[in-house]
Amino acid sequence: MIFQAVKLSKDHSMPTPRDITLTPVGSAGDNFPFIGLGVELARRGHRVTIITNDHFESLVQSCGLEFVPVGTDAEYRSIIANPDIWHPSKGFQTIMGLVGEQNRRIFDAVMQQRQARPHTLVIAHTLDFASRAIGEKLGLPVVSLHLQPTLVRTVHHIPTMMGSTNLSFLPTWLKRGMWTLVDRFLLDPFAGPVVNAPRKALGIAPVRHVFADYIHSPLLSIGLWPEWFAAAQPDYPRQFRLAGFPLFDADPNLQVPAGVEAFLSAGPAPIVFTPGSANVHAAEFFAACAEGAKLLGRRGMLLTRHVEQVPRNLPPGVAHFPFAPLSKVLSRCAAMVHHGGIGTTAAALAAGIPQVIMPLSHDQPDNAWRVKKLGAGESLFPKKFTAGRLAKKLEPLLASAEVKVRAGECARRCTADRGIEKACDLIEAVE
């Protein structure tokens, strides 16, 4: 596919308010960045609608945004209860099966939205293939929004998968051949049917090599991470732009829960442990984390809404909390141990604290590799994730002056990046 150059307005005056629809697909880590963008776009005077699962309705509405449901909270909880979504080899196939149903619903919702508001602009998640097809057939303006560097194909960098070795040093011809095999045997067999279903409904030809180029709208494609985390590559599409991390994790008016505030104020900075909001299979993770904190003689905060995962008898100084807005508490913490989701990774970088990442699948191993390359953390893979090994990873990180400097530098960069504002500037400049 030959991409068109991005067409941006040259008028730098206040943009005309317009209807903007955002279509996140996935868990909280996928939804929060879109809601954060929606909050900023609404602040700038635009009429913003979020099309997503019922699970996020209260947050969307508390932020003053319009909400259109595509799926129930019960369905969402059923999805995250499926352990295969985290499986290194089964994960993609499982997720594509779920994305297919979500796309059918997004297709109907966006078509209705277009009929009610003919001039709406859609900001589409990478896995929103429905809006992409509607845009191609009916001229609906669509901007593609990508949350992770692993999603944007390049022959210059190969994402780090399970392991600590990055294969980007291989010759270009070999990397190109690897991508061909990945498309043919691992991606297109599962993504192709999902992508081509809305295209068939609209009477347009099917596409192949979905993740090679189709995920990018010809109008504008935005990566929500900064250049210093993952640099733009020479073979990225001409209409691709980087903005920065979208640092948003809750209603801006939300206060730190009283119990969390009391715990933070009661002693030395704790270590925060979380496997991600959608992970309901993390009992072993929390058991190792609680024991690891005990071995280090450190206080710890276990964050999860799924209380059944938390050990019954926690060591002194280790406490469980259902939720804490990371943007408001991490700067008061000593370190963070987590799964390596891009949102959580960005939150720890923005707070300037070291992190240990236990990557499970998808983009998480690559995010862990990038954090280590920045000198801001380490990784510990699931099969080796024990209390003793975790303590051995954390102890030098917490004691290292160099890690403290590197992490602080990341925090300053995050503050300067203004990721959400830059992304909104790009969106507003689309004609």
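**Exercise 1. Describe how strand 6 and strand 7 pair, and place them in their sheet.**

Solution. Strand 6, residues 220–223, pairs with strand 7 in the parallel sense over three bridges. Strands here are DSSP runs of E of at least two residues, and helices are runs of H or I of at least four, both numbered from the N terminus; two strands pair if DSSP finds at least two bridges between them. Within this pair, Gly223 stands opposite Leu242 of strand 7.

Next, consider the whole sheet. It is open, has seven strands in the order 3-2-1-4-5-6-7, and its pairing is parallel. Strand 3 (66–69) and strand 7 (240–242) are the edge strands, each pairing on one side only. On average, neighbouring strands of this sheet are turned by 20° against each other, direction ignored; axes are lines fitted to C-alpha atoms, for helices over the stretch in contact, and angles run from 0 to 180 degrees between N-to-C directions.

Finally, add the helix. Helix 15 (residues 419–428) packs on the sheet and touches strand 1 (19–23), strand 4 (121–125), strand 6 and strand 7, contact meaning heavy atoms within 4.5 Å. The direction of helix 15 makes about 180° with that of strand 6.

The model is predicted: local features need pLDDT of at least 70, side-chain atom pairs count only at pLDDT 80 or more, and totals for chains, interfaces and linings use all residues. Residues are numbered from 1 along each chain as its sequence is written, and side-chain values use heavy atoms, with hydrogens and water left out.

**Exercise 2. Determine how many disulfides the structure holds, and examine Cys63 and Cys289.**

Solution. The count is zero, a disulfide being a pair of cysteine sulfur atoms within 2.5 Å. For Cys63, the closest cysteine sulfur is in Cys424, 13 Å away, which is too far for a bond. For Cys289, the closest is in Cys333 at 14 Å, again too far for a bond.

Then turn to accessibility. Cys63 counts as buried because its relative accessibility is 15%; buried means under 20% relative accessible area, exposed over 50%, and partly exposed in between (1.4 Å probe, protein chains only). Cys289 is also buried, at 0%.

**Exercise 3. Characterise the protein chain as a whole.**

Solution. Begin with the elements: the chain has 15 helices and 13 strands. Its C-alpha trace spans about 60 × 50 × 40 Å along the principal axes. Of its 431 residues, 55% count as buried. Among contacts with a separation of 6 or more, 65% come from residues 24 or more positions apart.

Conventions. The radius of gyration is taken over C-alpha atoms; the globule rule is 2.2 Å times the number of residues to the power 0.38.
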